[in-house]
Amino acid sequence: MFTSVNHRAAAAYKRVAADTGVQTANPHQLVSMLFDALIQSLNQARGAMGAGHIEAKGGAIGKSVRILEEGLKAGLNMSQGGELAQNLRGVYDYCIVRLTQANLRNDAEALAEVISLIEPVADSWKGIKGNDAAASPATAGAGA
């Protein structure tokens, strides 16, 4: 019913640490954080779906869609990103459609498909060094 003081303090520390991390991150690190949050929410959705927790599944899928739409897709630089940005936009759009279907139909296979599409992109992004050239907004937008 009530949370312990230690739990509340730990939660507050976690929020401050996350806020500080975002404020001090370069564009490359921000995209990495988006991918981490996306994969985490996709895995939460998978767990909730498997356990039959409909509300938690819907919340996690909704968060995943927002990360894709408002974070990764919105960060694409279509004018400078060329074919890579166009391809990533297509992948993100497809993932959004599949997540919507997964939520509506309680479709674990659609959710697994999205995870299988996003994980290699996230791993590739993390493989790029976050130096000044790779962290410029034009490159970060094209890679996100």
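A polar contact is a pair of N or O atoms within 3.5 Å; within protein, one must be able to donate a hydrogen and the other to accept it, and residues adjacent in sequence count only if both atoms are side-chain atoms. In this predicted model, local features need pLDDT of at least 70, side-chain atom pairs count only at pLDDT 80 or more, and totals for chains, interfaces and linings use all residues. Residues are numbered from 1 along each chain as its sequence is written, and side-chain values use heavy atoms, with hydrogens and water left out.

One such polar contact, of 2.7 Å, links the side chains of S64 and S41. S64 lies in helix α3 (residues 54-73). Its relative accessibility is 0%, so S64 counts as buried (under 20% relative accessible area, 1.4 Å probe, protein chains only). Leaving aside residues up to four places away in sequence, S64 touches L38, S41, L42 and L99 (heavy atoms within 4.5 Å).

The protein chain has six helices and zero strands (DSSP runs of H or I, at least four residues, and of E, at least two). Of its 144 residues, 33% are buried.

The largest nonpolar core holds 27 residues (buried Ala, Val, Leu, Ile, Met, Phe, Trp, Tyr and Cys joined through side-chain atoms within 4.5 Å). F35, L68, L72, Y92, L111 and I118 have the most contacts inside it. Two or more residues each come from α2 (27-51), α3, α4 (78-105) and α5 (108-127). Helix α5 gives the largest share, eight residues. Beyond four places in sequence, L68 touches K73, A74 and I118, among others.

Notes:
Buried means under 20% relative accessible area, exposed over 50%, partly exposed in between (1.4 Å probe, protein chains only).
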